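Please report on the side-chain contacts and the nonpolar surface of this predicted model. Keep it brief.

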Amino acid sequence: MQHLTRLDMARGFTLIEMLITLAVIGILGTLAYPSYQDHVVRARRSEAFSALSAVAQAQDRWRAKHTQYASSLTDLGVQSTSSPGRYYQIELQSDASTRHTHYMAIARAVGAQSADSRCAVLRMGQHGRQPLRSASNQRGADSTQECWPN
């Protein structure tokens with residue numbers, strides 16, 4: 001029977017083993033982090049969808065009581081022009097020359113969400129009886145298909 005010395009029993013990881021482990025963790029981290037960031041940015045978009053839907057519902061309630069859509073967020077009773085998490089700036093566009101028969105609610109990415117280059121601006125509105133949804137990237141190119149859920 002072989003006797004183990006005290007040095008053999010206390011043996012741990014070598015420096016090389018620790019360096020290899022750290023290198024593998026570093027490589028996995030560099031691959032996973034961009035994907036994680038992309039998921040966070042996409043998850044925050046739901047805040048814009050929710051804010052735009054709230055404006056659309058408020059416009060429907062306004063129109064039920066009036067003959068036209070509201071011309072400002074203040075008319076609708078919206079207290080803040082920011083989304084709840086402050087990732088989007090909300091605005092309302094309405095054209096008085098058309099007697100407010102249509103509107104467009106716009107959510108612009110701000111702060112940490114401005115990293116969302118694909119869906120920098122999200123829009124939801126109504127033109128007569130036709131609902132409208134659109135989006136554009138940071139350069140202003142149309143990205144509706146990519147940004148709005150089906």
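## A charge over a ring

Arg-63 places its charged end over the ring of Tyr-69. The distance to the ring centre is 4.7 Å. This is a predicted model.

## Aromatic pairs

The count of aromatic pairs comes to 3. One of them joins Tyr-33 and Tyr-36. Their ring centres lie 6.3 Å apart and their planes meet at 35°, so the pair is tilted. Both residues belong to helix α2. They are 3 residues apart there, so about one helical turn separates Tyr-33 from Tyr-36.

Phe-49 and Trp-148 form another pair. Here the ring centres are 4.7 Å apart. The planes stand at 40°, so this pair is tilted. Stacked would need under 30 degrees, and edge-to-face over 60. The contact links distant parts of the chain. Phe-49 sits in helix α2, whereas Trp-148 lies in the segment after α3 (144-147). The two are 99 residues apart. Are Phe-49 and Trp-148 buried or exposed? Both are buried.

## A nonpolar surface patch

Leu, Ile and Val side chains make a nonpolar patch of about 1,100 Å² on the surface. The contributors are Leu-15, Ile-16, Leu-19, Ile-20, Leu-22, Val-24, Ile-25, Ile-27, Leu-28 and Leu-31.

Take Leu-15 from that patch. Leu-15 is found in helix α2, which covers residues 15-65. Its relative accessible area is 63%. The cut-off for exposed is over 50%, so Leu-15 counts as exposed.

How values were computed:
Residues numbered from 1 in each chain as written. Predicted model: local features only at pLDDT ≥ 70, side-chain atom pairs only at ≥ 80, totals over all residues. Heavy atoms only, no water. Patch = residues over 30% accessible without salt bridge, like charges linked within 9 Å, V, L, I, M, F, W, Y side chains within 5 Å. Areas by Shrake-Rupley, 256 points an atom, 1.4 Å probe, with all protein chains shown as cover. Salt bridge = Lys/Arg side-chain N within 4 Å of Asp/Glu carboxyl O. Helix = DSSP H or I, 4+ residues; strand = E, 2+ residues; numbered from the N terminus. Buried < 20%, exposed > 50% of the residue type's maximum accessible area, 1.4 Å probe, protein only. Phe/Tyr/Trp six-rings, centres within 6.5 Å; stacked < 30°, edge-to-face > 60°. Lys NZ or Arg CZ within 6 Å of the ring centre and 35° of its normal.
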